[in-house]
Amino acid sequence: MHDIGSKPALRAELLANRAELSADVRSAAGRSIRDTLLGVPQLEMAGTVAAYVSLGTEPETHGLLFALWKRGTYVLLPRLLPDNELDWASYEGPDSLVPGRFGLMEPSEPARGVEAIASADVVLVPALAVDRTGVRLGRGGGSYDRALARVSPAVLTVALLYEGELVDTLPREPHDQRVRAAVTPESGLHPLGGAN
Ligand SMILES: Nc1nc2c(c(=O)[nH]1)N(C=O)[C@@H](CNc1ccc(C(=O)N[C@@H](CCC(=O)O)C(=O)O)cc1)CN2
Ligand SMILES: Nc1ncnc2c1ncn2[C@@H]1O[C@H](COP(=O)(O)OP(=O)(O)OP(=O)(O)O)[C@@H](O)[C@H]1O
(Lines give C-alpha, C1' and ligand atoms only; values in the text may rest on other atoms or scores of the structure.)
(Ligands and ions follow the chains in the order given, each with its own letter.)
Protein backbone atom coordinates (compact mmCIF):
# COMPACT_ATOMS: atom_id res chain seq x y z
CA MET A 1 0.00 0.00 0.00
CA HIS A 2 3.03 2.27 0.19
CA ASP A 3 3.98 1.87 -3.45
CA ILE A 4 2.65 4.17 -6.13
CA GLY A 5 0.49 1.80 -8.13
CA SER A 6 -2.08 2.43 -10.83
CA LYS A 7 -5.30 4.07 -9.69
CA PRO A 8 -7.64 1.28 -10.90
CA ALA A 9 -5.61 -1.40 -9.11
CA LEU A 10 -5.51 0.65 -5.92
CA ARG A 11 -9.24 1.26 -6.09
CA ALA A 12 -9.94 -2.44 -6.48
CA GLU A 13 -7.68 -3.29 -3.54
CA LEU A 14 -9.19 -0.64 -1.27
CA LEU A 15 -12.76 -1.63 -2.17
CA ALA A 16 -11.93 -5.31 -1.55
CA ASN A 17 -10.58 -4.40 1.90
CA ARG A 18 -13.76 -2.44 2.66
CA ALA A 19 -15.91 -5.36 1.53
CA GLU A 20 -14.34 -7.43 4.33
CA LEU A 21 -15.63 -5.07 7.00
CA SER A 22 -18.78 -6.09 8.85
CA ALA A 23 -21.86 -3.87 9.05
CA ASP A 24 -21.06 -3.38 12.75
CA VAL A 25 -17.56 -2.11 11.98
CA ARG A 26 -18.94 0.23 9.33
CA SER A 27 -21.53 1.73 11.60
CA ALA A 28 -19.11 1.99 14.53
CA ALA A 29 -16.70 3.83 12.21
CA GLY A 30 -19.52 6.16 11.22
CA ARG A 31 -20.37 6.92 14.87
CA SER A 32 -16.78 7.59 15.79
CA ILE A 33 -16.21 9.83 12.77
CA ARG A 34 -19.51 11.62 13.52
CA ASP A 35 -18.46 12.32 17.11
CA THR A 36 -15.03 13.58 16.04
CA LEU A 37 -16.40 15.85 13.33
CA LEU A 38 -19.18 17.31 15.49
CA GLY A 39 -16.46 18.53 17.87
CA VAL A 40 -14.20 20.11 15.24
CA PRO A 41 -14.31 23.90 15.72
CA GLN A 42 -14.67 24.66 11.99
CA LEU A 43 -17.74 22.39 11.85
CA GLU A 44 -19.18 23.86 15.04
CA MET A 45 -18.83 27.32 13.51
CA ALA A 46 -19.94 26.38 9.99
CA GLY A 47 -23.19 27.84 8.70
CA THR A 48 -23.07 25.59 5.63
CA VAL A 49 -21.46 22.17 5.30
CA ALA A 50 -21.21 20.31 2.00
CA ALA A 51 -21.46 16.61 2.83
CA TYR A 52 -22.55 13.35 1.14
CA VAL A 53 -24.75 10.35 1.85
CA SER A 54 -22.60 7.26 2.39
CA LEU A 55 -22.93 4.50 -0.18
CA GLY A 56 -22.18 0.77 0.09
CA THR A 57 -19.14 0.09 2.25
CA GLU A 58 -18.25 3.73 2.95
CA PRO A 59 -18.14 4.84 6.61
CA GLU A 60 -21.74 5.66 7.55
CA THR A 61 -22.68 9.34 7.29
CA HIS A 62 -26.45 9.23 7.93
CA GLY A 63 -26.05 9.91 11.66
CA LEU A 64 -23.63 12.76 11.00
CA LEU A 65 -25.97 14.40 8.47
CA PHE A 66 -28.88 14.11 10.87
CA ALA A 67 -26.89 15.58 13.78
CA LEU A 68 -25.63 18.51 11.71
CA TRP A 69 -29.14 19.24 10.44
CA LYS A 70 -30.61 18.96 13.94
CA ARG A 71 -28.18 21.50 15.33
CA GLY A 72 -29.10 23.97 12.61
CA THR A 73 -26.26 23.60 10.12
CA TYR A 74 -27.29 24.09 6.51
CA VAL A 75 -26.22 20.82 4.82
CA LEU A 76 -25.67 20.61 1.07
CA LEU A 77 -25.61 17.20 -0.63
CA PRO A 78 -24.43 16.27 -4.12
CA ARG A 79 -26.53 15.18 -7.05
CA LEU A 80 -24.58 13.36 -9.75
CA LEU A 81 -25.11 14.96 -13.18
CA PRO A 82 -24.79 12.98 -16.45
CA ASP A 83 -21.23 14.28 -17.03
CA ASN A 84 -20.27 13.38 -13.42
CA GLU A 85 -20.25 17.01 -12.31
CA LEU A 86 -21.96 17.51 -8.95
CA ASP A 87 -25.03 19.69 -8.45
CA TRP A 88 -25.96 20.60 -4.87
CA ALA A 89 -29.22 20.73 -2.91
CA SER A 90 -30.11 20.99 0.75
CA TYR A 91 -30.64 18.12 3.17
CA GLU A 92 -33.93 18.52 5.03
CA GLY A 93 -33.85 15.30 7.08
CA PRO A 94 -33.85 11.59 6.17
CA ASP A 95 -37.16 11.83 4.30
CA SER A 96 -35.70 14.40 1.91
CA LEU A 97 -33.49 11.79 0.15
CA VAL A 98 -34.43 9.96 -3.05
CA PRO A 99 -32.60 7.21 -4.98
CA GLY A 100 -30.31 8.31 -7.83
CA ARG A 101 -27.72 6.62 -10.10
CA PHE A 102 -25.48 3.86 -8.72
CA GLY A 103 -27.71 3.42 -5.67
CA LEU A 104 -26.81 6.90 -4.44
CA MET A 105 -29.31 8.61 -2.14
CA GLU A 106 -29.69 12.19 -3.32
CA PRO A 107 -31.46 15.32 -2.08
CA SER A 108 -34.94 15.95 -3.46
CA GLU A 109 -34.83 19.70 -2.77
CA PRO A 110 -34.35 22.20 -5.62
CA ALA A 111 -30.87 22.10 -7.16
CA ARG A 112 -28.65 25.10 -6.44
CA GLY A 113 -26.13 24.55 -9.22
CA VAL A 114 -22.57 23.25 -9.47
CA GLU A 115 -21.16 26.48 -8.00
CA ALA A 116 -23.14 26.11 -4.75
CA ILE A 117 -20.27 24.15 -3.18
CA ALA A 118 -18.39 27.48 -3.06
CA SER A 119 -20.83 28.60 -0.34
CA ALA A 120 -19.76 25.82 2.07
CA ASP A 121 -17.65 26.65 5.13
CA VAL A 122 -16.53 23.00 5.40
CA VAL A 123 -16.59 20.28 2.73
CA LEU A 124 -16.79 16.59 3.69
CA VAL A 125 -15.43 14.42 0.90
CA PRO A 126 -15.79 10.69 0.16
CA ALA A 127 -12.52 8.90 -0.58
CA LEU A 128 -11.06 5.42 -0.80
CA ALA A 129 -7.68 6.65 0.46
CA VAL A 130 -5.76 9.87 1.07
CA ASP A 131 -2.00 10.39 1.36
CA ARG A 132 -0.01 12.52 3.81
CA THR A 133 0.02 15.46 1.42
CA GLY A 134 -3.77 15.34 0.92
CA VAL A 135 -3.84 13.60 -2.45
CA ARG A 136 -7.14 11.74 -2.64
CA LEU A 137 -8.24 8.59 -4.45
CA GLY A 138 -11.95 8.62 -5.28
CA ARG A 139 -14.31 6.59 -7.42
CA GLY A 140 -12.74 7.64 -10.69
CA GLY A 141 -15.45 9.94 -12.03
CA GLY A 142 -13.41 13.05 -11.32
CA SER A 143 -16.51 14.57 -9.67
CA TYR A 144 -14.74 15.90 -6.60
CA ASP A 145 -11.71 17.10 -8.56
CA ARG A 146 -14.06 19.43 -10.40
CA ALA A 147 -16.10 20.31 -7.30
CA LEU A 148 -13.07 21.02 -5.07
CA ALA A 149 -11.57 23.29 -7.73
CA ARG A 150 -14.46 25.68 -6.88
CA VAL A 151 -13.68 25.73 -3.15
CA SER A 152 -11.59 28.49 -1.58
CA PRO A 153 -8.20 27.45 -0.18
CA ALA A 154 -9.37 28.81 3.20
CA VAL A 155 -12.13 26.18 3.48
CA LEU A 156 -11.52 22.98 5.44
CA THR A 157 -11.95 19.95 3.18
CA VAL A 158 -12.02 16.62 5.03
CA ALA A 159 -11.98 13.07 3.66
CA LEU A 160 -13.74 10.36 5.70
CA LEU A 161 -11.65 7.17 5.91
CA TYR A 162 -11.30 3.91 7.74
CA GLU A 163 -8.15 3.30 9.75
CA GLY A 164 -5.31 2.34 7.40
CA GLU A 165 -6.61 4.34 4.44
CA LEU A 166 -4.40 7.34 5.25
CA VAL A 167 -1.33 6.20 3.34
CA ASP A 168 2.16 7.56 2.66
CA THR A 169 1.85 8.13 -1.08
CA LEU A 170 -0.82 7.98 -3.78
CA PRO A 171 -0.43 8.55 -7.50
CA ARG A 172 -1.24 12.17 -8.35
CA GLU A 173 -2.39 13.46 -11.72
CA PRO A 174 -2.39 17.18 -12.56
CA HIS A 175 -6.19 17.47 -12.15
CA ASP A 176 -6.20 15.87 -8.67
CA GLN A 177 -7.34 18.26 -5.95
CA ARG A 178 -5.95 17.74 -2.48
CA VAL A 179 -7.98 17.64 0.73
CA ARG A 180 -6.72 19.54 3.78
CA ALA A 181 -7.55 16.89 6.38
CA ALA A 182 -8.71 13.33 6.85
CA VAL A 183 -10.70 11.80 9.68
CA THR A 184 -10.38 8.16 10.76
CA PRO A 185 -12.42 6.30 13.40
CA GLU A 186 -9.63 5.66 15.89
CA SER A 187 -7.18 8.50 15.45
CA GLY A 188 -9.52 11.39 14.73
CA LEU A 189 -8.78 14.43 12.59
CA HIS A 190 -5.46 14.55 10.71
CA PRO A 191 -4.49 17.91 9.19
CA LEU A 192 -2.53 17.19 6.01
CA GLY A 193 0.42 19.08 4.61
CA GLY A 194 1.31 19.85 1.04
CA ALA A 195 0.77 22.89 -1.10
CA ASN A 196 -1.95 22.77 -3.73
N1 LIG B 1 -21.45 8.44 -1.04
C2 LIG B 1 -20.90 8.96 -2.12
N3 LIG B 1 -21.56 9.87 -2.81
C4 LIG B 1 -21.00 10.40 -3.91
C5 LIG B 1 -19.73 10.00 -4.36
C6 LIG B 1 -19.04 9.02 -3.59
O7 LIG B 1 -17.90 8.61 -3.88
N8 LIG B 1 -19.66 8.54 -2.49
N9 LIG B 1 -19.21 10.55 -5.51
C10 LIG B 1 -17.85 10.72 -5.76
O11 LIG B 1 -17.44 11.17 -6.79
C12 LIG B 1 -20.18 11.07 -6.47
C13 LIG B 1 -20.87 9.90 -7.12
N14 LIG B 1 -19.98 9.13 -7.92
C15 LIG B 1 -20.04 7.77 -8.10
C16 LIG B 1 -19.35 7.22 -9.15
C17 LIG B 1 -19.38 5.87 -9.35
C18 LIG B 1 -20.07 5.04 -8.49
C19 LIG B 1 -20.11 3.57 -8.68
O20 LIG B 1 -20.45 2.81 -7.79
N21 LIG B 1 -19.75 3.13 -9.85
C22 LIG B 1 -19.65 1.74 -10.20
C23 LIG B 1 -20.80 1.26 -11.00
C24 LIG B 1 -21.94 0.90 -10.20
C25 LIG B 1 -23.01 0.35 -11.07
O26 LIG B 1 -22.76 0.08 -12.25
O27 LIG B 1 -24.10 0.18 -10.56
C28 LIG B 1 -18.47 1.56 -11.12
O29 LIG B 1 -18.18 2.54 -11.84
O30 LIG B 1 -17.90 0.48 -11.09
C31 LIG B 1 -20.74 5.59 -7.45
C32 LIG B 1 -20.72 6.95 -7.24
C33 LIG B 1 -21.16 11.94 -5.75
N34 LIG B 1 -21.72 11.28 -4.61
N1 LIG C 1 -11.59 19.44 -14.15
C2 LIG C 1 -11.92 18.35 -14.85
N3 LIG C 1 -12.66 18.48 -15.97
C4 LIG C 1 -13.01 17.40 -16.68
N5 LIG C 1 -12.67 16.13 -16.36
C6 LIG C 1 -11.94 15.96 -15.26
C7 LIG C 1 -11.55 17.05 -14.44
N8 LIG C 1 -10.87 16.55 -13.38
C9 LIG C 1 -10.83 15.23 -13.55
N10 LIG C 1 -11.47 14.86 -14.67
C11 LIG C 1 -11.57 13.50 -15.21
O12 LIG C 1 -12.09 12.61 -14.27
C13 LIG C 1 -11.48 11.33 -14.46
C14 LIG C 1 -11.24 10.62 -13.16
O15 LIG C 1 -10.33 11.33 -12.34
P16 LIG C 1 -9.77 10.66 -11.00
O17 LIG C 1 -9.31 9.27 -11.27
O18 LIG C 1 -8.81 11.60 -10.36
O19 LIG C 1 -11.13 10.59 -10.14
P20 LIG C 1 -11.36 10.55 -8.59
O21 LIG C 1 -10.91 11.80 -7.96
O22 LIG C 1 -10.74 9.28 -8.10
O23 LIG C 1 -12.97 10.43 -8.61
P24 LIG C 1 -14.16 11.16 -7.80
O25 LIG C 1 -13.75 12.58 -7.55
O26 LIG C 1 -15.33 11.06 -8.72
O27 LIG C 1 -14.39 10.40 -6.56
C28 LIG C 1 -10.21 11.54 -15.24
O29 LIG C 1 -10.29 10.79 -16.42
C30 LIG C 1 -10.19 13.02 -15.52
O31 LIG C 1 -9.88 13.26 -16.88
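This passage describes the strand order, one helix packing, two annotated residues and the surroundings of two ligands. The model is predicted, with local features requiring pLDDT of at least 70 and side-chain atom pairs counted only at pLDDT 80 or more, while totals for chains, interfaces and linings use all residues. Residues are numbered from 1 along each chain as its sequence is written, and chains are lettered from A and ligands numbered from 1 in the order in which they are written.

An open sheet of 7 strands has mixed pairing and follows the order β3-β2-β1-β6-β9-β11-β12; strands (E, at least two residues) and helices (H or I, at least four) are DSSP runs numbered from the N terminus, and two strands pair if DSSP finds at least two bridges between them. Because β3 (86-90) and β12 (188-191) each have a single partner strand, they form the edges, and one side of each lacks a neighbour in the sheet. On average, neighbouring strands are turned by 25° against each other, direction ignored. Strand β11 (residues 181-184) is antiparallel to β12 and joined to it by 4 bridges, with A182 opposite H190 in β12. Helix α2 (residues 23-38) lies across β9 (156-160), β11 and β12, and runs at about 135° to β11. Axes are lines fitted to C-alpha atoms, for helices over the stretch in contact, and angles run from 0 to 180 degrees between N-to-C directions.

An unreviewed UniProt entry lists V53 and E58 under "binding site"; such annotations may be inferred rather than shown by experiment, positions are given in the numbering used here, and feature names are shortened. V53 is in the loop between β1 (48-50) and α4 (62-70), and E58 is likewise in the loop between β1 and α4. V53 counts as buried because it has 20 C-beta neighbours inside 10 Å, whereas E58, with 19, counts as partly exposed. The cut-offs within 10 Å are 20 or more other C-beta atoms for buried and 12 or fewer for exposed, with partly exposed in between and C-beta atoms placed from the backbone. Beyond four places in sequence, V53 is in contact (C-beta atoms within 7 Å) with T61, L65, L77, L97, L104 and M105.

Around ligand 1 there are 16 residues, of which L55, F102, P126, R139 and S143 come nearest; a residue counts as near if its C-beta atom, placed from the backbone, lies within 6 Å. This shell has 10 nonpolar, 4 polar and 2 charged residues, and β2 (74-80) and α5 (143-148) each supply at least two residues. Ligand 2 is surrounded by 14 residues, the closest being G138, G141, G142, S143 and Y144. The shell around ligand 2 divides into 2 nonpolar, 6 polar and 6 charged residues, and α5 gives the most to it, with 4 residues. Ala, Val, Leu, Ile, Met, Phe, Trp, Tyr, Cys and Pro count as nonpolar, Asp, Glu, Lys and Arg as charged, and the others, Gly among them, as polar.

Definitions and conventions: Two residues are in contact if their C-beta atoms, placed from the backbone, lie within 7 Å.
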